[in-house]
Every structure is written in C-alpha cells, then in structure tokens.
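Let's learn to read a protein model together, one feature at a time. Have the sequence and the 3D view open as we go.

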Amino acid sequence: MAVDLSSSKDGQVHAYSYGTNTRVAVKDTKQDGNPVYVNYKRENSGSQYTLWNKSGSGTTMTSNAGAAIYVIQACVSLGGWPDKCDVKREG
C-alpha cells in the first residue's frame, strides 16, 4: 500500500510523491527568485537524492521513475544564508 507524501515550506515550495511513489516532484510556488529543491530517499538505497527546480515560480520538476520514495523534504535555496527546509516527511 503506497502512502501519499507531501512537504512544503513557507508558501515557497511544494514537494510531493503520490500513488506508487516512484517519482517525486517539486514546485516553485512563490515569485521570489529563490530556487527550490526536494531531498528524498528511495527504498533499497541508503542514499539521499536531490531534485532541483531552478525554472522559477509556477514551474514543476519531476524525477525519473525508480524504487519507491519513502522520505521527502522540501527546501528553499537562499544563497549565502542557511536554506529553509521542512522537517523530513516519511510515509
């Protein structure tokens, strides 16, 4: 049984993985010039992956399909400042 995963931060980024959770998507939801990204983990791998969206407000980037995703974390890149990230969400 798959669990829908969703993560967002300060109205600036929305990351999600639905259904079979074989893909993750990250949407830039605020016109502020800051790139957004999602950190995620897949089953059968101890590695953390990152999917960036540097295309601007209103755009969504989607990963390739792979093993099921079980952890996601939406983040906003702030250049020289510490990035703003949501707490990690597990399914």
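What follows is a short dialogue between a learner and a teacher.

Q: Before we start, what kind of model is this, and how are residues numbered?
A: This is a predicted model, in which local features need pLDDT of at least 70, side-chain atom pairs count only at pLDDT 80 or more, and totals for chains, interfaces and linings use all residues. Residues are numbered from 1 along each chain as its sequence is written, and side-chain values use heavy atoms, with hydrogens and water left out.

Q: How do strands form a sheet, and in what order do they stand here?
A: Strands of a sheet pair through backbone hydrogen bonds, either parallel or antiparallel. A strand is a DSSP run (E, at least two residues), numbered from the N terminus, and two strands pair if DSSP finds at least two bridges between them. Here four strands make an open sheet in the order β1-β2-β3-β6, with antiparallel pairing. At the edges stand β1 (5–9) and β6 (60–62), each with a single partner strand, so one side of each has no neighbour in the sheet. From one strand to the next, the twist averages 15° (axes are lines fitted to C-alpha atoms, and angles run from 0 to 180 degrees between N-to-C directions).

Q: How many bridges join β1 to β2?
A: Five bridges join β1 to β2 (residues 13–17), and the two run antiparallel. Try finding Leu5 in your view: its bridge partner in β2 is Ser17.

Q: What makes two rings an aromatic pair, and how many pairs are there?
A: Rings of Phe, Tyr and Trp (its six-membered ring) pair if their centres lie within 6.5 Å; planes under 30 degrees apart count as stacked, over 60 as edge-to-face and the rest as tilted. By this rule there are three aromatic pairs. One of them, Tyr16 with Tyr18, is stacked, at 5.1 Å centre to centre and 25° between the planes. Tyr37 and Trp52 form a tilted pair, with 4.4 Å between centres and 35° between the planes. Tyr37 lies in β4 (residues 36–42) and Trp52 in β5 (residues 48–53), so this pair ties together parts 15 residues apart in sequence.

Q: Are Tyr37 and Trp52 buried or exposed?
A: Buried means under 20% relative accessible area, exposed over 50%, and partly exposed in between (1.4 Å probe, protein chains only). Tyr37, at 8%, is buried, while Trp52, at 35%, is partly exposed. Trp52 also has a charge over its ring: the charged end of Lys54 sits 4.9 Å from the ring centre. The rule there is NZ of Lys or CZ of Arg within 6 Å of the ring centre and within 35 degrees of the ring normal.

Q: Which residues does Ser77 contact?
A: Contact means heavy atoms within 4.5 Å. Leaving aside neighbours within four places in sequence, Ser77 is in contact with Asn34, Pro35, Tyr37, Trp52 and Asp83. Ser77 sits in the loop between β7 (69–76) and β8 (84–85), and its 14% relative accessibility counts as buried.

Q: Where is phi positive in a residue other than glycine?
A: Two cases are worth a look. Asn21 has phi near 60° and belongs to the loop between β2 and β3 (25–28); at 5% relative accessible area, Asn21 is buried. Asn44 has phi near 65° and belongs to the loop between β4 and β5; at 80%, Asn44 is exposed.
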